[in-house]
Amino acid sequence: MAEETPAPDSLRQVFARLIRATGPISVAHFMAESNARYYGRRDPLGLAGDFITAPEVSQMFGEMIGLWLADIWLRAGRPAGLAYVEAGPGRGTLAQDALRAAARQGLVPDVHFIETSPALRAAQQERFPGAIWHNDFATLPDDRPLMIVGNEFLDALPVRQMVRMAQGWRERMVGWDGQAQRLLPVAGDRPMDAAVPAPWRDAAEGTIIESCPAAAAVTAEVASRLAAQGGVALWIDYGHAQPQQGSTLQAVRAHRKVDPFADPGEADLTALVDFAALGPVVERAGARVDGIITQGEFLRSLGIEARAAALASRASEQAPALGRALARLIAPDEMGNLFKVMAFSAAHWPVGAAF
Ligand code: SAH
C-alpha cells in the first residue's frame with residue numbers, strides 16, 4: 001500500500017512519527033495533546049460547531065448559577081473584593097448570564113478566566129474586556145475569597161487508563177498500525193499491577209479502568225485555595241457519582257460520536273468525570289464537600305421552572321423554545337441525570353442552596 005501523506009503538521013502525523021520513533025504513547029498523553037490542538041484553533045461550540053453546552057442552550061442555566069453564588073455571598077455577610085473565577089469559560093456565556101443575575105443582588109466581583117485556548121480567549125475578551133486570564137490556577141489572586149465555576153471543564157482533562165491482560169494490568173496506550181495507517185489503542189509492555197486499586201486487581205481479562213489525575217490535581221488545588229482564602233466552587237459535568245469500570249473516552253465532531261483515535265485534534269475528546277473520586281480529594285485539602293447532585297435536581301431546586309414560566313409569560317412566542325430548553329437542561333433522559341453538580345467550599349462558608 002502506498003504511504004498516505006496527510007498534512008505534515010496534522011496531529012495524526014505528529015503522533016505517527018513519534019510512535020514509530022519511540023513507541024506507543026499513553027492515552028493521557030494522546031488526550032492532552034489532542035485537546036490542546038482541538039481547542040487552541042477553534043470555537044467548537046454551537047450549532048455550526050461540534051457540540052452544545054448547557055449555557056449555550058439557555059440563559060436560564062447561567063442565571064441559576066449567578067443566583068446561587070449571590071445567595072451564598074449574601075449569607076457569608078457580603079465580603080468585599082471577591083473574585084469570580086471560571087475554568088474553561090468557552091464563549092463566556094455562562095459568566096455573562098451568571099454575573100448579570102448576581103449583579104441584581106449586589107454581587108459584582110472581579111472576573112478571572114482560566115483558559116488555554118487562544119481562539120476562545122479572543123471570544124471571551126469581546127464579552128469581558130476587563131477580565132484577567134490565567135493558564136492555570138496557580139496565578140489566581142491569593143488575598144481574597146474565590147467563587148470558582150467550571151462547566152464541562154473537567155471532562156476535557158486527560159484520563160489515564162489501565163487494561164487487564166492475561167499476564168496482568170497494563171497501561172492503555174496508543175500505537176500506530178503501519179499496515180492500516182492508523183492510530184489504535186494497545187496495551188503497554190510494563191506491568192502496572194501496583195498502580196491498580198485493590199478491588200480491581202483480579203478483574204476479568206479485558207477490563208478497563210480509568211482515572212483522571214489532572215481532575216484530582218485541579219480539584220485539590222481549588223480546595224486548598226478555598227480552605228486558605230474562603231469561598232466556594234461548583235463543578236458541573238457529565239459523569240457518575242459512583243466509581244465505574246470501562247473506557248468512557250469519547251470523541252464528538254459535528255454533533256456525532258466518532259472514533260476517538262481516528263483524527264486527533266479534529267474532534268472534542270472527553271471522558272466521564274468520576275465525582276466520587278473527587279470528594280476525598282477535597283477533604284484531604286481541608287475544604288468541605290457540600291454534595292454531589294444531578295443537574296436536574298440542582299436547577300429545579302433553584303427555581304428554574306418558575307424562571308422559565310416568567311420568561312415565557314413576557315414573550316409568549318418564545319414559550320415553545322423555552323420549554324424545549326428547560327427539558328434539555330433538566331429532563332432525566334436529556335442532561336438532567338447524566339450531568340452532576342458538585343459543590344465544595346471553605347468550612348466556614350455557608351452551604352449553597354440545593355445541597
Ligand atoms: N464552559 C464552557 C466551555 C466548555 S468546553 C461551556 O460550558 O460552554 C471546555 C473549555 O475548557 C474550553 O473553554 C476549553 O478551551 C477549556 N479547556 C480545555 N482544557 C483546558 C485546560 N487544560 N486548561 C484550561 N482550559 C481548558
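## Phe15, Phe30 and the aromatic pairs

Phe15 is buried in this predicted model, because its relative accessible area of 1% is under the 20% cut-off. Its ring partner, Phe30, is buried as well, at 0% relative accessible area. The structure holds twelve aromatic pairs, and Phe15 and Phe30 make up one of them: their ring centres are 5.2 Å apart and their planes meet at 35°, so the pair counts as tilted. An angle of 35° is neither under 30 degrees, as stacking would need, nor over 60, as edge-to-face would need. This pair joins distant parts of the chain, with Phe15 in helix α1 (residues 11–22) and Phe30 in helix α2, 15 residues apart.

What is the geometry of the pair formed by Phe113 and Phe128? Here the ring centres are 5.3 Å apart and the planes stand at 90°, so this pair is edge-to-face. Phe113 sits in strand β3 (residues 110–114), while Phe128 belongs to the loop between α6 (118–127) and β4 (132–134). Those two positions are 15 residues apart, and the pair is another link between distant parts of the chain. Both Phe113 and Phe128 are buried. Elsewhere, a single aromatic cluster brings together Phe137, Phe153, Trp235 and Phe344.

## The largest pocket

Let's turn to the open space in the model. The largest pocket contains about 730 Å³ of space. Its lining is made up of 38 residues, and those nearest the centre of the pocket are Gly88, Glu115, Thr116, Phe153 and Ala156. Phe153 is also a member of the aromatic cluster with Phe137, Trp235 and Phe344.

Which elements give two or more residues to this lining? They are α2 (27–40), α3 (54–57), β2 (83–87), α5 (93–104) and α7 (213–229). With six residues, α2 contributes the most; this is also the helix that holds Phe30. Sorted by class, the lining has 18 nonpolar residues, together with ten polar and ten charged ones.

## Around the ligand

How many residues surround the ligand? There are 16, and the closest of them are Thr53, Gly88, Gly90, Glu115 and Asn151. Gly88 and Glu115 are also listed among the residues nearest the centre of the largest pocket.

Several backbone atoms come within a few ångströms of polar ligand atoms. A polar backbone atom of Gly88 is 2.7 Å from a nitrogen atom of the ligand. Asn151 places a backbone N or O atom 2.8 Å from a ligand nitrogen. For Gly90, a backbone N or O atom lies 3.1 Å from an oxygen atom of the ligand.

## Alanines with a positive phi

Most residues other than glycine have a negative phi. That makes two alanines worth a look. Ala254 has a phi near 50°, a positive value in a residue that is not glycine. Its place is the loop between β11 (250–253) and β12 (256–258), and at 45% relative accessibility Ala254 counts as partly exposed.

Ala354 also has a positive phi, of about 85°, although it is not a glycine. This alanine is found in the segment after β16 (339–345). Is Ala354 buried or partly exposed? Its relative accessibility is 31%, so Ala354 counts as partly exposed.

## Positions across the fold

A few more residues help with finding your way around the model. Ala285 lies in the loop between α8 (275–284) and β15 (288–294). With a relative accessibility of 22%, Ala285 is partly exposed. Between Ala285 and Tyr84, 201 residues apart along the chain, the C-alpha separation is 21 Å.

Glu171 is part of strand β7 (residues 168–177) and is buried, with a relative accessible area of 13%. The C-alpha atoms of Glu171 and Ile236 are separated by 28 Å, and these residues are 65 residues apart along the chain. Leu157 occupies the loop between β5 (146–151) and β6 (160–165). Although in a loop, Leu157 is buried, at 16% relative accessible area. From C-alpha to C-alpha, Leu157 and Arg127 are 25 Å apart in space, with their positions 30 residues apart in sequence.

Technical notes: Residues numbered from 1 in each chain as written. Predicted model: local features only at pLDDT ≥ 70, side-chain atom pairs only at ≥ 80, totals over all residues. Heavy atoms only, no water. 1 Å grid on protein atoms, 1.4 Å probe; cavity = no way out; pocket = protein on both sides within 12 Å on 5 of 7 lines; lining within 4 Å. Points joined across faces, edges and corners; volume = space filled by probe spheres on them. Helix = DSSP H or I, 4+ residues; strand = E, 2+ residues; numbered from the N terminus. Nonpolar A, V, L, I, M, F, W, Y, C, P; charged D, E, K, R; others polar. Phe/Tyr/Trp six-rings, centres within 6.5 Å; stacked < 30°, edge-to-face > 60°. Buried < 20%, exposed > 50% of the residue type's maximum accessible area, 1.4 Å probe, protein only. Near = heavy atom within 4 Å. Polar contact = N/O pair within 3.5 Å; in protein donor to acceptor, adjacent residues only side chain to side chain.
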